[in-house]
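User: I would like to go through how the labels on this model are justified. Please set each value against its criterion.

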Amino acid sequence: MIQVRALAKHYRVARRPPGLAAAVRALFHRTYETVRAVDGIDFSVGEGERVGFLGPNGAGKTTTLKMLSGLLHPTAGDVTVAGHVPRRREPAFLKAITLVMGQKQQLIWDLPPAETFELNRAVYDIPRDRFQETVAELTELLELGPLVQKPTRQLSLGERMKCELAAALLHRPRVLFLDEPTIGLDVSMQATVRQFVKAYNERYGASVILTSHYMEDVLQLCPRVVVIDHGRIIYDGDLRALAHRMRPDKRIVLRLATGNGAGPSGGDLARFGQVVSAEPGSATLQVAAEEVSAVVARLLAAMPVTDLTVEDPPLEEVFSELFRASRRAAEPAK
Ligand SMILES: Nc1ncnc2c1ncn2[C@@H]1O[C@H](COP(=O)(O)OP(=O)(O)OP(=O)(O)O)[C@@H](O)[C@H]1O
């Protein structure tokens, strides 16, 4: 469904030297530098796949999504999406895709979302009966109800995002580019958006590429992740395999009876593993995966444990570890 080969986008930006004199000189002799926002990336996405496109701030995610949706022309490389070359912006291509940017809005501010829906019906030339059917489906999936009749400016951020998603999907695109669709939403609205994206993907077999800085989005939605840093892909594959490779350890989360005192100290717990946190009544230990059962047995025998769970390390740490490892590998050998 999506093929990307040797894709690059370089921006030419004027360098602004510090100081007034240098700034005046720069008015006459501008110097430029090249920002390699995307620096030769390859990947493909199949029909119905959900892929997380991840990386730190400035890694090149938005630039890539803009090239995939035809808003930016690549400096080099080839892209096809649903059999089309995005930069040509052919009508059949525009009907096959959608781009939702959590930071931007397409709903008309002073009018109710229903009016933007109607506008999109005309823009995408959606037959009236199919339009009504899709609006009814999206209204049910997103629980829009009376929201679509209120002026957009009166909607809360979460309500507006739900309407944005509906407006972006009225033409039933087969490819969804979602750039931080949950940004700024509270946890329950984030969950609503996630469930909706999954339901749409399953109902229509649509391919989804999603960027997000919220690890819960990635965990819940993306069996596969493509990770980019400094414009280059540093990982493409299964999320769980990545987590296991970067952080094979486990976390044991304990609740401890404190009795009359403070309960076991960090020092007492250090005998069992690396202490991640320790407070009166609770603690978290990090241990090698193969030692978990032995450590749990020793803890239960020696400590006043009232509750115990074994968890994977947080995804944030998995990605930090990946970025550190990739930057170390990129450093010139000393
Ligand atoms: N129009 C532009 N002109 C010059 N440089 C740009 C332009 N747009 C983006 N950049 C630069 O390209 C790099 C990649 O930016 P991009 O927005 O693609 O990153 P991102 O991974 O989406 O980041 P974030 O997570 O912060 O949204 C950054 O260094 C950014 O400053």
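User: Where is H230 placed?
Analyst: In this predicted model, H230 sits in the loop between β8 (224–229) and β9 (232–238). Its phi is positive, about 50°, although H230 is not a glycine.

User: Why is H230 called partly exposed?
Analyst: H230 has 18 other C-beta atoms within 10 Å. Buried requires 20 or more and exposed requires 12 or fewer. The count for H230 lies in between, so the label is partly exposed.

User: What makes R89 exposed?
Analyst: The count for R89 is 12 other C-beta atoms within 10 Å. The limit for exposed is 12 or fewer, so R89 qualifies as exposed. R89 belongs to the loop between β4 (76–81) and α3 (91–96). The phi of R89 is near 50°, a positive value in a residue other than glycine.

User: How do you know that β10 and β12 are paired?
Analyst: Pairing needs at least two bridges between the strands. Strand β10 (residues 249–256) and strand β12 (residues 282–288) are joined by seven bridges, so they count as paired. The two strands run antiparallel. As for single positions, L254 has A283 in β12 as its bridge partner.

User: What is the strand order of the sheet, and why are β11 and β13 at its edges?
Analyst: The sheet is open, has four strands with antiparallel pairing, and follows the order β11-β12-β10-β13. β11 (274–279) and β13 (305–311) each have a single partner strand, so one side of each is left without a neighbour in the sheet. Neighbouring strands are turned by 15° against each other on average, direction ignored.

User: Which helix packs on this sheet?
Analyst: Helix α11 (residues 292–302) does, touching β10, β12 and β13. The direction of α11 makes about 15° with that of β10.

User: What makes a residue part of the shell around the ligand, and which elements supply it?
Analyst: The C-beta atom, placed from the backbone, has to lie within 6 Å of the ligand. Residues that surround the ligand include Y11, V35, N57, K61 and T62. At least two shell residues come from each of β1 (2–14), β2 (32–45) and α2 (61–68). α2 gives the most, with three residues.

User: How do the shell residues divide by type?
Analyst: Five are nonpolar, six are polar and one is charged. Gly counts as polar, so G55, G58 and G60 of the shell fall in the polar group.

User: How far apart are the centres of domain 1 and domain 2?
Analyst: The domain assignment gives domain 1 (43–243) and domain 2 (248–311). Taken over C-alpha atoms, their centres are separated by 42 Å.

Notes. Residues numbered from 1 in each chain as written. Predicted model: local features only at pLDDT ≥ 70, side-chain atom pairs only at ≥ 80, totals over all residues. Domains from an automatic or database assignment. Axes fitted to C-alpha atoms, helices over the stretch in contact; angles between N-to-C directions. Contact = placed C-beta atoms within 7 Å.
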